[in-house]
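This report describes selected features of one protein model for a reader working at the bench. It begins with charged contacts and then turns to helix packing, backbone geometry and the surface.

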Amino acid sequence: PKKRKKRGPPLLVDVKWWSDECLILVNTAGEVTVANVNNLENMLGSTPERGHAITAAHNGQFFMLECDTSVFSYSRLSSLTGEPLAGEEEEGGEEGTGLSQTYMVLRHMLYSLTENENFRPPVMKGRRKVIKYSLLCLKSVTPQECYERKMFKEEYGEALVLAKQYGLDCDLVYQRQWYNNPVTIATIQDYLSKVSKEEWVIQECMNRAARDYETTRELLQYGLVKTSFREVMACGPEGSGSRYDEEREGELTLEAMETELTKCERFTAQQTKLCQYRHVLLSYMDSLLTYEAILGGPIAADEHFDDEFFINFRSKNLVQAAIEYAQEGNGRAVEILFTHHGHIILPHSLPVLSNFPETTSVKSYKSLLPYIDGDGGVVLMDLEQEPHRAHDWSELPIAALFDSNGCTPSPWQIPV
């Protein structure tokens, strides 16, 4: 066997100027570096680029030729002469002698005449070498351009390191990941919770919905946390700036919050926005709990939850929703709406009930019909009102007065 020559350290084969302070160096190992002239530190990082030839630098960029060699090993029947085919190498690299070639010819002839397995030519291992050349451009870019390119390629880990190193906006990484993934409890914790833009986070809690009931509830609850009493008061002119503390939040009663509100002269624009967002989130949470009851409880909601239906359902007027369920003959759904939102729907009970089809059995909505009691009085409906929650601090009259821009009520709060 041939002895392999020992290779020494790679030698420098090409040098060109990158700038007044840096040189472009290429060695025999196919490594390209942009080195500082003072200490030869590689400006491209710890790992050199692969290349075998370079052009002169011009306008902050240069081209280099990359050579990639791949060797594929495979088994094949030997040729008639026992020599490798074109573009192939026999493993070991040894050339066949005249005697061995004659022997292989005889074996081929005997096998073709007798088809005896004893004369079958041996299977030989061959290697195919493929050389691929690529022309690459190495260009000087700003950290912002490199940051945007990393996000475009979805290399979020490297983009985040780059943003922290150069003081760029890390929120863009988490926002991009939030947009590119479905809403789950994991994405809420890993992406949404790490975005520092509070208003954007709250809007995402209002605009998006998960594909399952539990995550949708978690998303709305997270938005309510971001619009809590302490968060709103911290945005005021005299706010302490302290962030939300769930344990301390529980210590404040509704009366204590009302007392704190009376000490304020007015709400800032940011506080007004947070109150408006909170009203919408509360109405969405009420509609989610109503939808859960219509589906048959938490277990049934997990199985039959439809995010597209819920997005449409939560934006409907309460009375209109009750009328549509009545037209479908769904007495149970209408009863649930009257039970949890009676303060809005009861004044319109007769128009709602009149929308039940005549073919619908009266037994399915018997509890919703008015009747005469023992004293001869008319009772509109024998249902106990069960609101989903107590009044929120943002619904206090004093909070409404501070909303100088006019808080837009949800469709669930506007009667027809």
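Glutamate 158 is partly exposed in this predicted model, because its relative accessible area of 46% lies between the limits of 20% for buried and 50% for exposed residues. The side chain of glutamate 158 forms a salt bridge with lysine 150, and the closest N and O atoms of this pair are 2.6 Å apart. Lysine 150 also forms a salt bridge with glutamate 155, where the closest N and O atoms are 3.3 Å apart. Lys150, Glu155 and Glu158 are thus linked in a network of salt bridges. Lysine 150 is itself partly exposed, at a relative accessible area of 22%, and glutamate 155 is partly exposed as well, at 29%.

A further salt bridge joins aspartate 169 to lysine 197, with an N to O distance of 2.9 Å. Aspartate 169 is located in the loop between α3 and α4, and lysine 197 in the loop between α5 (185-190) and α6 (198-207), so this pair ties together parts that are 28 residues apart in sequence. Aspartate 169 has a relative accessible area of 33% and is partly exposed; lysine 197, with 35%, is partly exposed too. Over the whole structure, a search finds eleven salt bridges. Those described here are among them, and their distances are listed below.

| Acidic residue | Basic residue | Closest N to O distance |
|---|---|---|
| Glutamate 158 | Lysine 150 | 2.6 Å |
| Glutamate 155 | Lysine 150 | 3.3 Å |
| Aspartate 169 | Lysine 197 | 2.9 Å |

Helix packing is the next topic. Helix α2 (residues 143-152) packs against helix α4 (residues 171-179) at an angle of about 20°, and the two axes are 11 Å apart. Because this angle is under 35 degrees, α2 counts as roughly parallel to α4. The crossing of α2 and α4 is right-handed.

How do helix α14 and helix α15 cross, and within what distance do their axes come? The axes of α14 (residues 318-327) and α15 (residues 331-345) come within 10 Å and cross at roughly 155°. Since the angle is over 145 degrees, α14 is roughly antiparallel to α15. In this pair the crossing is left-handed.

Proline 351 belongs to helix α16 (residues 349-353). The C-alpha atoms of proline 351 and valine 319 are 9.3 Å apart in space, while the two residues are 32 residues apart in sequence. Proline 351 is partly exposed, with a relative accessible area of 45%.

Backbone geometry offers two points for inspection. Most residues other than glycine have a negative phi. Leucine 40, although not a glycine, has a positive phi of about 60°. Leucine 40 is placed in the loop between β3 (31-36) and β4 (49-50), and at 58% relative accessible area the residue is exposed. Glutamate 154 is not a glycine either, and its phi is positive, near 60°. Glutamate 154 is found in the loop between α2 and α3 (156-166). With a relative accessible area of 53%, glutamate 154 is exposed, because the cut-off for that class is over 50%.

Finally, the surface carries a nonpolar patch. Which residues form this patch? The patch consists of Phe63, Leu65, Ile131, Tyr133 and Leu135, which together have about 500 Å² of accessible area. Two elements, β6 (61-77) and β8 (123-139), are those that give two or more residues to the patch. Strand β8 provides the largest share, three residues. Phenylalanine 63 is situated in strand β6. Is phenylalanine 63 exposed, partly exposed or buried? Its relative accessible area is 36%, so phenylalanine 63 is partly exposed. That value also satisfies the patch criterion, because residues in a patch need over 30% relative accessible area.

Terms used
Residues are numbered from 1 along each chain as its sequence is written. This is a predicted model: local features need pLDDT of at least 70, side-chain atom pairs count only at pLDDT 80 or more; totals for chains, interfaces and linings use all residues. Side-chain values use heavy atoms; hydrogens and water are left out. Patches are made of residues with over 30% relative accessible area and no salt bridge: like charges are joined within 9 Å, nonpolar side chains (Val, Leu, Ile, Met, Phe, Trp, Tyr) within 5 Å. Accessible areas come from the Shrake-Rupley method with a 1.4 Å probe; for residues, only the protein chains shown count as cover. A salt bridge is a side-chain nitrogen of Lys or Arg within 4 Å of a carboxyl oxygen of Asp or Glu. Helices (H or I, at least four residues) and strands (E, at least two) are DSSP runs, numbered from the N terminus. Buried means under 20% relative accessible area, exposed over 50%, partly exposed in between (1.4 Å probe, protein chains only). Axes are lines fitted to C-alpha atoms, for helices over the stretch in contact, and angles run from 0 to 180 degrees between N-to-C directions. Angles under 35 degrees count as roughly parallel, over 145 as roughly antiparallel, 65 to 115 as roughly perpendicular and the rest as oblique. A crossing is left-handed if the near helix is turned anticlockwise from the far one by less than a right angle, and right-handed if clockwise.
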